[in-house]
Amino acid sequence: MGMTDVLIVGAGPTGLVLACDLARRGAAVRIVDRSPVPPRTSRAKGPNARSLEILDDLGVAEEVLAAGSAPLPMLKYRDRLPVAETDPWAGSAPSPDALYDRGRLIAQWRLEEILRDRLAGYGVRVELGREVAGLAEGPGARHVDVTFAEGRTERARYVVGCDGAHSSVRKLLGIGFEGATAEDQVMVCGDVDLADGALDRTRWHQWFDEDGAVMLCPIPGTRTGWWFQAGPERDGRGRPLAPTADGFRRLLAHHTALPGRTLTRAELLSTYRVNVRKADRFRAGRVFLAGDAAHVHAVAGGLGMNTGIQDAFNLGWKLGLVLAGHAGAELLDTYEEERLPVAARTLDLTSERLRATLEAIRRPGGGLDAAITSDTTGLGVGYRWSSLARGLAEDPRAGDGSPDAEVRTARDGERPAPQPGDRAPDAPCVDAVTGARTRLHRVFAGPGTTVLGFGPGSAAALREVAAAYGDAGVRTCRVYAAHEDRAESGPGAAVVDDEGHAAAAYGTKASDGTGTGTGTSTLVVVRPDHHLGLSAPADDTRSVPAYLRRLHGGTRSAEGAAERFSGIGGRRR
């Protein structure tokens with residue numbers, strides 16, 4: 001029986017992102033889905049800002065941007081008349097530390113198509129019509145035997161259930177899915193066509209009346225397609241009726257100024273109930289849960305698909321390092337440690353945004369913009385409580401390691417500096433060799449850990465990192481200040497922080513701006529998922545080697561590098 005490294009169950013955005021990430025790391029990955037054909041669903045309206053950064057890292061962001069559209073202004077109606085228009089992103093703009101300040105509207109089937117094409121480029125295709133019926137860990141817990149509905153049993157080192165809220169993997173593991181379903185909070189949904197020109201396609205139209213609501217958002221890439229969401233029709237006892245095309249036409253005629261016949265097609269009809277549930281645990285031995293299989297929550301804020309994509313990006317690099325033999329299996333424990341608290345917080349956030357939205361729409365002019373806050377971009381999600389962050393920052397101001405710990409003040413006192421576990425900021429800069437404009441997230445892109453060196457004193461340490469871990473997936477990048485002497489070239493990449501954004505973002509004073517290098521030289525370790533591992537003075541002889549050993553192993557070259565690090569520190573002192 002052949003052995004697969006990772007078998008992914010479920011080929012939605014979560015499973016596909018995980019498969020792409022593992023495939024580019026050289027893992028033997030397979031992905032199966034019970035559906036006989038790729039689902040043609042629009043459901044999630046698109047990636048948020050943090051998910052766009054992940055898709056950028058995977059090399060598909062440009063295609064996603066081209067296939068989708070920017071979030072649209074919202075036109076709100078009451079009693080069929082327009083009463084207010086709101087653009088939730090009007091005051092937002094890209095910043096030096098975040099290229100994406102907002103998400104993108106794109107049909108889920110189109111996003112999945114883009115990811116499947118990317119995956120096919122690695123020689124991996126989704127195996128359709130395959131349903132998992134049994135899971136059993138093999139002798140010595142060294143693999144998982146997976147039995148499919150057709151009777152075949154296949155073997156994998158790890159299995160990841162990305163198979164949705166009704167996850168077969170979760171049920172086979174016997175993992176609880178505690179929470180509640182709000183039976184009274186119901187919405188009917190579908191993809192519809194409206195007569196050409198019936199509504200302005202540059203707006204998300206929202207009719208909120210005392211007796212119900214209709215919402216119509218244009219589906220990018222279509223001429224007449226719209227996402228339809230509405231409060232359901234109800235029977236004489238007040239019970240919601242199942243969605244039908246004729247029911248959608250009646251709702252349209254009742255709430256809007258459009259006649260029912262304007263709606264020419266309705267498909268993918270479904271009933272949505274507010275479900276707030278979280279798995280008791282995200283791992284059982286060699287089997288993991290991600291996405292809706294691990295957590296479901298209110299639709300407000302559009303965080304469902306996005307939280308799943310971010311689960312996948314957290315798990316992929318950890319599986320990759322363990323499979324490559326660099327990291328110990330205990331690294332996989334940090335997946336649940338980091339992502340379960342994020343899921344719990346997301347449940348609270350989306351429930352609060354739903355409450356705020358339901359309150360807002362009682363008043364004329366209220367709408368779905370009440371669900372959108374800076375929290376829904378995903379850019380603020382971090383893991384300060386993680387064991388991959390704890391014990392590495394000696395600054396007593398670093399906080400208590402809890403999810404709500406106070407942000408450490410930057411050395412210059414002007415802005416908060418990121419703590420271990422935080423998202424690693426982006427920054428525009430210039431390639432020191434070619435002179436082309438680039439940015440730090442381009443440097444981080446791809447399946448590797450990155451060590452940034454700020455200040456002249458970081459050069460020797462970067463050379464030791466490259467010698468010890470260059471073959472184990474660790475990259476180095478020297479970040480020069482604008483006027484710093486660049487005569488000394490070293491291994492790895494080099495960029496010029498020509499506008500000072502990188503030093504500002506990471507709270508370093510790598511140079512005094514004259515090239516004399518009187519400031520502090522700093523090393524910054526960035527995890528493969530673009531979160532900060534640690535930041536330490538370049539003459540700290542212990543922290544960086546210890547952190548890299550945890551992720552990339554204690555090779556002979558690494559042991560030698562640790563000794564040389566000590567020598568560097570001694571010479572500097």
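## A mixed sheet and its aromatic company

Strands E17 (residues 428-431) and E21 (residues 493-497) run antiparallel to each other and share two bridges. Here two strands pair if DSSP finds at least two bridges between them, while helices (H or I, at least four residues) and strands (E, at least two) are DSSP runs numbered from the N terminus. This is a predicted model, in which local features need pLDDT of at least 70 and side-chain atom pairs count only at pLDDT 80 or more, whereas totals for chains, interfaces and linings use all residues. Residues are numbered from 1 along each chain as its sequence is written, and side-chain values use heavy atoms, with hydrogens and water left out.

**The chain as a whole.** The protein chain has 13 helices and 23 strands. Of its 573 residues, 55% count as buried, where buried means under 20% relative accessible area, exposed means over 50% and partly exposed falls in between (1.4 Å probe, protein chains only). Take the contacts (heavy atoms within 4.5 Å) with a separation of 6 or more: 69% of them come from residues 24 or more positions apart.

**The sheet.** E17 and E21 belong to an open sheet of seven strands with mixed pairing, in the order E18-E17-E21-E20-E19-E22-E23. Its edges are E18 (437-439) and E23 (532-537), each of which pairs on one side only. From one strand to the next the twist averages 30°; axes are lines fitted to C-alpha atoms, for helices over the stretch in contact, and angles run from 0 to 180 degrees between N-to-C directions.

Three of the pairings look like this:

| Strands | Sense | Bridges |
|---|---|---|
| E17 and E21 | antiparallel | two bridges |
| E20 and E21 | parallel | five bridges |
| E19 and E20 | parallel | six bridges |

Val496 in E21 is a nice residue to click on: Val430 is its bridge partner in one pairing, and Tyr480 is its bridge partner in another. E21 itself is mostly covered, with four of its five residues buried. Further along, Thr449 stands opposite Val474 in E20. Helix H10 (residues 459-469) lies across E19, E20 and E22 (522-526), and its direction makes an angle of about 165° with E20.

**Aromatic pairs.** Rings of Phe, Tyr and Trp (its six-membered ring) pair if their centres lie within 6.5 Å; planes under 30 degrees apart count as stacked, over 60 as edge-to-face and the rest as tilted. By this rule there are seven aromatic pairs. In one of them, the ring centres of Phe288 and Tyr335 are 6.0 Å apart and the planes meet at 75°, so this pair is edge-to-face. Phe288 sits in strand E15 (residues 287-289) and Tyr335 in helix H8 (residues 333-360), so the pair ties together parts that are 47 residues apart in sequence. Phe288 is buried at 0% relative accessibility, and Tyr335 is buried too, with a relative accessible area of 0%.

Back at the sheet, Phe454 and Tyr506 make a tilted pair, 6.1 Å centre to centre with 40° between the planes. Phe454 is in strand E19 (residues 449-454) and Tyr506 in helix H11 (residues 501-506), so to speak a link between distant parts of the chain, 52 residues apart. Both Phe454 and Tyr506 are buried. Elsewhere, ring pairs join Tyr158, Phe282, Phe288 and Tyr335 into a cluster.

**Charges over rings.** A charge sits over a ring if NZ of Lys or CZ of Arg is within 6 Å of the ring centre and within 35 degrees of the ring normal. Arg170 lies over the face of Phe177, 3.7 Å from the ring centre. The charged end of Arg201 sits 5.1 Å from the centre of the Trp226 ring, over that ring. Arg170 and Phe177 turn up again around Asp292, which touches Gly164, Ala165, Arg170, Phe177 and Gly304, leaving aside residues up to four places away in sequence. Asp292 is in the loop between E15 and strand E16 (295-296) and is partly exposed, with a relative accessible area of 35%.

**Helix H7 and the glycine after it.** The expected span of a helix is 1.5 Å times one less than its number of residues. For the 20 residues of H7 (residues 304-323) that gives 28 Å, and the end C-alpha atoms are 29 Å apart, which agrees. H7 is mostly covered, with 18 of its 20 residues buried. It is followed by Gly325, with a positive phi near 85°. Gly325 belongs to the loop between H7 and H8 and is exposed, with a relative accessible area of 59%. Its C-alpha is 9.6 Å from that of Ala472, 147 residues away along the chain.
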